[in-house]
Structures are given as C-alpha cells and as structure tokens.
Amino acid sequence: MKIISVTAEVLVRQLRQPWRIATSLITKLEAVLVRIETDEGIVGYGECCSRIGPSVAMNVIDEILAPLLVGQDPADIGAHWERMFSTLRFRGHTRGFLIEAISGVDIALWDIAGQRATQPIGRLLHGMNHKVLPAYASSILINSPDMMAEEAFRLVEQGYSAIKIKISGKVTQDVARVAAVREAAPDIMLFADANSGFTAPDAIAFSRKVERYDLYFLEEPLPLDDIPGYRRLRAATGQRVALGEGEFHSFGIRSFLEEGLIDLVQPNVTRAGGITGCLRIAATAHAFNLPIALHTGASGPVCMAATLQLASSLPGTFMHEHMYLDNPFVDFFETPLPVPEAGEIAVPQAPGLGVPIACTAYPANGVADT
C-alpha cells in the first residue's frame, strides 16, 4: 500500500453561544482536517488543533509534510513521525504549528492502520484496556456563581459524578464560583480550569481559599513557561495541579514531572504529535506513576474520536473529558459520537477512528463552513 495524496482543509463552525474562558472569548471552533488517500482506496482522516490561523498548519502540511509521505507505505507510522519531526527540529521548531501539523497527519495514518486491520485504533495500541471510560462534564463556562451552580445541579441530574468549571483568574470571584458549585453539587469530583489566567501569588491565594471545598485538581493555573511560578505554587499549597494541553511532547512535560510540579498529565492528541506523540507522553507519565487525562476542549470532531480511541488503550487513563457544550460538528460522522450515560462513555468499535466520516456532509476536499 502506498500514499498517493495528503491534503488539508480548514474546518470552521460558529458557536451558537460564545464560550467565555479566562484568557479569551471563543466564538467559533476551527480545526484543520487532514485527509490521506492510499492506492488501495483506504482514506484516513486526522485533525490539527488550530485555535488561531488554521491556514498556517495547512500550509505546513502542504509544503513540508506531504512531500515526505507521498509514495511511502502508511504503515511505517513511527518512521514517518521521526522524519516529519526532524525536518525543522535543527532550526528550533519543536513546538507550535509544526507539531500540530504532525498531529493531524499522525492521526490519519493511525486511522488507515485501523481500517487496514479492520480494528479500532485502540485495539492496535496496547490493546483496548477500557471499552467504557469514566467521563467528566466539561466545562461549565464562566458566569455568575448562581448560574454556574444551577448548571452544575443540572449536570448531576444527568448522571455526572465529576464536573469541570472554568474560572477567570480573579481570586475573590473564582472562590465564590467554586463555593456555589460545591454547595449545589456536594458529592461530585470538582475540577477547575484557569486557562493560565492566574499569577503565581493569586494561584496560591485561590488554592488556599478553596481548600475547604475539596477541589480535586486545578488545571493550568499559570502559563506553561512559568516554571518558577509552578514551583512557588507547589511549595505553598497541597493543591493537585493538572496541565498538558499547551505542551507539545514528552520533552516539554519532562521538567514538570522531574520536579514533581504536577499530578495529572493532559496532552491533546491534535496538538501533542498525534497518537504517536501522546503515547510517548503517556509513557513518560507512567514512569513517574502519574495518570493521564487526555484534553479535548475547544477542538474539532476527529479530536473527540481519536481521543476516545487513545484513552481506551492507556492503562493510566484517569477520565475522559466530555465536552457537553453545543457541538457544531455533530453531523461530521455517519453516526454521532457516543455521549456519557450515568457518567460513563462507550468507546466506538468500528475500524480506525471508531466511527466513519459522513462523506456526504464532508466531501473529499474538506469543508469550510462559516
């Protein structure tokens, strides 16, 4: 089998209601859809995380990565990953758009491998450790404490036993949000995501003030390049810290692990080098006896499917991040992706990504829906 084409298209869908997080207001979901076609008629799909400037990742694929792959056997996934990564590593490009572009290509190659073997990707990896995953509801968006508490109560009624909320990086307001949600949902596991909105002193103050509310983890309280800030937070509080969506590979997460700065690792499959890259991060986390909770967030449809497949294969999977918010890509697959029931989500079992692409809605040359 040979690769005959590698193409990329921008996917854009408007959100009915904007998503407010600490550092931005998200009005639309954007992603780069990667399509790899083989001479035996198997087509694999991947996705690159692309919150801003999706045409950049698309051009990286078209101009740098595609020429490396056309004519090659798609089964050589690890070798392809190393060749793609090596193209610009010597120039210092070990993060950002290059790795996001590699992510989409890598996922598409794994999709081909699964289809070729007539197995879901999860079964091709370590073996499908989990056919059903515990899932948490993500995320209650920044709002008044009362509104966020009402939303938490509704989610508990739907069967969730774990919920993540967004917070703003403003200590007093965020403490009130956590307190209100905890009062409305006293028995859940509660997570808070600051999206790097705090300074180190404020993250410390917030962590101390919410200790009484049993916040299970605080996600990405500081920018990921603020290693000194994470050291200060760790030294000053006992708050569990989770991060990883903004990291790109095992090299980047290694410093956090070596210094004992985090408790939960959260790579995003469409950003951290695809399935191959996330496997390396998971192995690094495993060496430090830390669990993995793959990040999904404001991503496109292939991210959700690939995340379920990868999470099903990892023995250290903590929980699946289920974006219960409005999904503008709901028609991307022939059958909708599963949703949690009683706090658990089933892993799709069809070959490759687990669910076939609805090609009538998304033709071979992709789609841009604005």
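Axes are lines fitted to C-alpha atoms, for helices over the stretch in contact, and angles run from 0 to 180 degrees between N-to-C directions. I keep this at the head of the page for the helix pairs below. I also note that the model is a predicted one.

**Entry 1. Helices α1 and α2**

I looked up how α1 (residues 54–69) packs against α2 (residues 77–89), and found an angle of about 145° with the axes 10 Å apart. I recorded the crossing of α1 and α2 as right-handed. From α1, the contact draws on I64, L65, L68 and L69. From α2, I listed H80, R83, M84, T87 and L88. Sorted by class, the residues of this contact are 6 nonpolar, 2 polar and 1 charged.

**Entry 2. Helices α5 and α6**

I then turned to α5 (residues 145–157) and α6 (residues 171–184). For this pair I noted an angle of about 35° and axes 8 Å apart. The crossing of α5 and α6 is right-handed. On the α5 side I listed P145, M148, A149, A152 and F153; on the α6 side, A176, R177, A180, V181 and A184. The contact of α5 with α6 comprises 9 nonpolar residues, no polar ones and 1 charged residue.

**Entry 3. A184 in α6**

I examined A184, which lies in helix α6. Is A184 buried or partly exposed? I entered A184 as partly exposed, because its relative accessibility is 23%. Beyond its neighbours within four places in sequence, A184 is in contact with A149 and F153, and both of these belong to the α5 side of the helix contact. I also checked A184 against E151: the two are 33 residues apart along the chain, and their C-alpha atoms are separated by 9.0 Å.

**Entry 4. D174 in α6**

D174 is also placed in helix α6. I found D174 buried, with a relative accessible area of 0%. What does the side chain of D174 reach? I traced it to the backbone nitrogen of G169, at 2.7 Å. Not counting residues up to four places away in sequence, D174 touches I167, S168, G169, F198 and F206.

**Entry 5. Helix α7**

F206 led me to helix α7 (residues 200–209), where A200, A203, I204, F206 and S207 are buried. Seen down the axis of α7, these buried residues fall within an arc of 165°, so they line one face of the helix. I looked up what covers them, and the cover includes α6, β7 (215–219) and α8 (227–236).

**Entry 6. E37 in β2**

I located E37 in strand β2 (residues 24–38). I entered E37 as partly exposed, because its relative accessibility is 26%. The side chains of E37 and R35 are joined by a polar contact of 3.4 Å. Leaving out residues up to four places away in sequence, I found E37 touching K2, I3, I4, S5, I42 and V43. I also noted that E37 and V70 lie 33 residues apart in sequence and 9.4 Å apart in space, C-alpha to C-alpha.

**Entry 7. T296**

Finally I looked up T296, which sits in the loop between α10 (274–287) and α11 (301–313). Is T296 buried or exposed? I recorded T296 as buried, with a relative accessible area of 0%. Which residues does T296 touch, not counting those up to four places away in sequence? I listed R51, N268, C303, M304, T307, H320, E321 and M323.

Technical notes. Residues are numbered from 1 along each chain as its sequence is written. This is a predicted model: local features need pLDDT of at least 70, side-chain atom pairs count only at pLDDT 80 or more; totals for chains, interfaces and linings use all residues. Side-chain values use heavy atoms; hydrogens and water are left out. Helices (H or I, at least four residues) and strands (E, at least two) are DSSP runs, numbered from the N terminus. A crossing is left-handed if the near helix is turned anticlockwise from the far one by less than a right angle, and right-handed if clockwise. Contact means heavy atoms within 4.5 Å. Ala, Val, Leu, Ile, Met, Phe, Trp, Tyr, Cys and Pro count as nonpolar, Asp, Glu, Lys and Arg as charged, and the others, Gly among them, as polar. Buried means under 20% relative accessible area, exposed over 50%, partly exposed in between (1.4 Å probe, protein chains only). The arc is that of the directions from the helix axis to the C-beta atoms. A polar contact is a pair of N or O atoms within 3.5 Å; within protein, one must be able to donate a hydrogen and the other to accept it, and residues adjacent in sequence count only if both atoms are side-chain atoms.
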